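Take a look at the structure below and let's walk through how its pieces fit together. We'll go from the sheet to the helices and then to some charged side chains.

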Amino acid sequence: MSAAKTRAQSLINDNAVVVFSKSYCPYCDSSKKLLDGLNTKYTALELDQDEEGAAIQSALAEISGQRTVPNIFINKKHIGGNSDLQGKKDLKDLLKSAGAI
Ligand SMILES: N[C@@H](CCC(=O)N[C@@H](CS)C(=O)NCC(=O)O)C(=O)O
C-alpha cells in the first residue's frame, strides 16, 4: 500500500467522521457547515494544503471510487460527497452511533 493510501486509510479508521476537503471548495464548506451546525466532532484534511494531497486524492479514488471533494466517511463507511451528506435522512442517528455528536 502506498504511504498516501495508508495515511488516508488510517484517518478513516481512527476518526468517527472524516472530511477530505479542499480549502476553496464551496461544496466542502457546505458539508462542514452542516456538521458544525450539529456540533459534530470531525477531522478535515484540506488536500490542497497538504504536500501529499494529490496522492491522497488518488488513494481515495481507489478506496471509495470517488475522486471529488468533499469525500466523507462516517464510522469508517463511505458516505459520498456533499449532496450525499445533505440528503442523509438519518444523519443525526449516524453521527450519534459514530460517537461524533
Ligand atoms: N456533487 C459533488 C460535487 C463536488 C465537486 O464538484 N467538487 C469539486 C471541488 S469544488 C471537485 O472535487 N473537483 C475536482 C478536484 O478538485 O479534483 C458533491 O456534492 O460533493
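## Strands and sheet

Strand 1 (residues 17-21) runs parallel to strand 2, and four bridges pair them. One residue to look for here is F20, whose bridge partner in strand 2 is L45. Keep in mind that this is a predicted model.

Zooming out, four strands make up an open sheet with mixed pairing, in the order 2-1-3-4. Strand 2 (43-46) and strand 4 (77-80) sit at the edges, each pairing on one side only. On average, neighbouring strands in this sheet are turned by 20° against each other, direction ignored.

## Helices on the sheet

Helix 1 (residues 3-14) packs on the sheet and touches strand 1, strand 2 and strand 3 (71-74). Its direction makes about 140° with that of strand 1. Helix 2 (residues 26-37) also packs on the sheet, touching strand 1, strand 2 and strand 3, but here the angle with strand 1 is about 160°.

## Salt bridges

Side chains of opposite charge can pair when their charged atoms come close. This model has four salt bridges. One of them joins E62 and K5, at 2.9 Å from N to O. That pair links helix 3 (residues 53-64), home of E62, to K5 in helix 1, 57 residues apart.

R7, D50 and E52 form a little network of salt bridges. The closest N and O atoms are 2.5 Å apart for D50 and R7, and 2.6 Å apart for R7 and E52. R7 is in helix 1 and E52 is in the loop between strand 2 and helix 3, so their pairing ties together parts 45 residues apart in sequence.

Is D50 buried or exposed? D50 counts as buried because its relative accessibility is 18%, under the 20% cut-off. R7, at 30%, is partly exposed.

Technical notes:
Residues are numbered from 1 along each chain as its sequence is written. This is a predicted model: local features need pLDDT of at least 70, side-chain atom pairs count only at pLDDT 80 or more; totals for chains, interfaces and linings use all residues. Side-chain values use heavy atoms; hydrogens and water are left out. Two strands pair if DSSP finds at least two bridges between them. Helices (H or I, at least four residues) and strands (E, at least two) are DSSP runs, numbered from the N terminus. Axes are lines fitted to C-alpha atoms, for helices over the stretch in contact, and angles run from 0 to 180 degrees between N-to-C directions. Contact means heavy atoms within 4.5 Å. A salt bridge is a side-chain nitrogen of Lys or Arg within 4 Å of a carboxyl oxygen of Asp or Glu. Buried means under 20% relative accessible area, exposed over 50%, partly exposed in between (1.4 Å probe, protein chains only).
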